[in-house]
Amino acid sequence: MTETGRHTPRFRDMIITVVVVLVGLVWFGIALPDRDWLWFVPIYSEEATRIHLYRDGQEIMLQADDWGYEEINEAVNQIVRHVKAKEPLGISPDSQQEYYDVHSAVEVFYSEPTIVHTIHGFPEADKYLFPQSGRHYDPPVVFAGMQRRPDYRGGVLVLADRQRLDDAVDAVWAAHQQE
């Protein structure tokens with residue numbers, strides 16, 4: 001303290017203030033564009049209204065009371081928690097149709113838009129497409145879109161791993177073929 005009773009700022013106080021302001025600016029700069037205030041928390045625990053599985057022109061639709069639904073829904077929740085990057089990939093309507101008719105994919109629909117919390121800035125969506133073969137199969141990615149539009153937005157999340165989803169989907173296809 002000085003003789004007048006005023007506190008003299010210390011270098012340590014200045015550094016703390018600068019760090020707090022910078023952290024706040026980074027957090028706000030990432031959170032604001034996507035309105036995702038929890039972008040730093042890798043949680044995703046959503047309940048799909050329906051799940052479509054596509055393989056070689058065949059389709060299986062699962063709802064909450066169907067066998068295999070819970071395993072696939074939980075696998076989706078698990079794998080989107082582990083995002084490696086965001087890439088500027090898009091998907092054309094022709095490529096999207098190829099997943100339905102020729103290749104293999106999982107398409108997940110939600111009643112309300114959901115947010116995948118990630119530092120990579122991924123907008124909310126109410127449908128997601130996970131390719132399992134064909135284009136954009138490796139590395140594993142997820143496309144996002146809104147049900148009111150038939151297409152998917154540009155920009156994909158690159159996932160760390162898709163094995164849990166692949167295993168759950170393979171089990172459903174195997175059970176379906178035995179029927």
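Okay, let's start with an odd one: D126 is buried, yet this residue has no salt bridge. The nearest side chain of opposite charge belongs to R148, and that is 6.0 Å away. A salt bridge here would need a side-chain nitrogen of Lys or Arg within 4 Å of a carboxyl oxygen, so R148 at 6.0 Å doesn't make one. Keep in mind that this is a predicted model.

So where does D126 sit? You'll find D126 in strand β5, which covers residues 125-131. Skipping neighbours within four places in sequence, D126 is in contact with V108, F109, Y110, E112 and P113, and also with G145, M146 and Q147.

Now hop along to K127, also found in strand β5. Is K127 buried or exposed? K127 counts as buried because its relative accessible area is 4%, and the cut-off for buried is under 20%. What does the side chain of K127 have around it? One of its polar atoms lies 3.4 Å from the backbone oxygen of P150, and for the backbone oxygen of D151 the distance to a polar side-chain atom of K127 is 3.5 Å. K127 also touches a long list of residues further off in sequence, including F143, A144, R149 and Y152. Take M146 too: 19 residues from K127 in sequence, but 5.8 Å in space, C-alpha to C-alpha.

Last stop, the surface. V23 is in helix α1, residues 11-34, and V23 is exposed, with a relative accessible area of 54%. V23 belongs to a nonpolar patch with F11, M14, I15, V18, V19, V21, L22 and L25. Together they have about 860 Å² of accessible area.

Terms used
Residues numbered from 1 in each chain as written. Predicted model: local features only at pLDDT ≥ 70, side-chain atom pairs only at ≥ 80, totals over all residues. Heavy atoms only, no water. Helix = DSSP H or I, 4+ residues; strand = E, 2+ residues; numbered from the N terminus. Buried < 20%, exposed > 50% of the residue type's maximum accessible area, 1.4 Å probe, protein only. Lys, Arg positive; Asp, Glu negative; His and termini not counted. Contact = heavy atoms within 4.5 Å. Patch = residues over 30% accessible without salt bridge, like charges linked within 9 Å, V, L, I, M, F, W, Y side chains within 5 Å. Areas by Shrake-Rupley, 256 points an atom, 1.4 Å probe, with all protein chains shown as cover. Polar contact = N/O pair within 3.5 Å; in protein donor to acceptor, adjacent residues only side chain to side chain.
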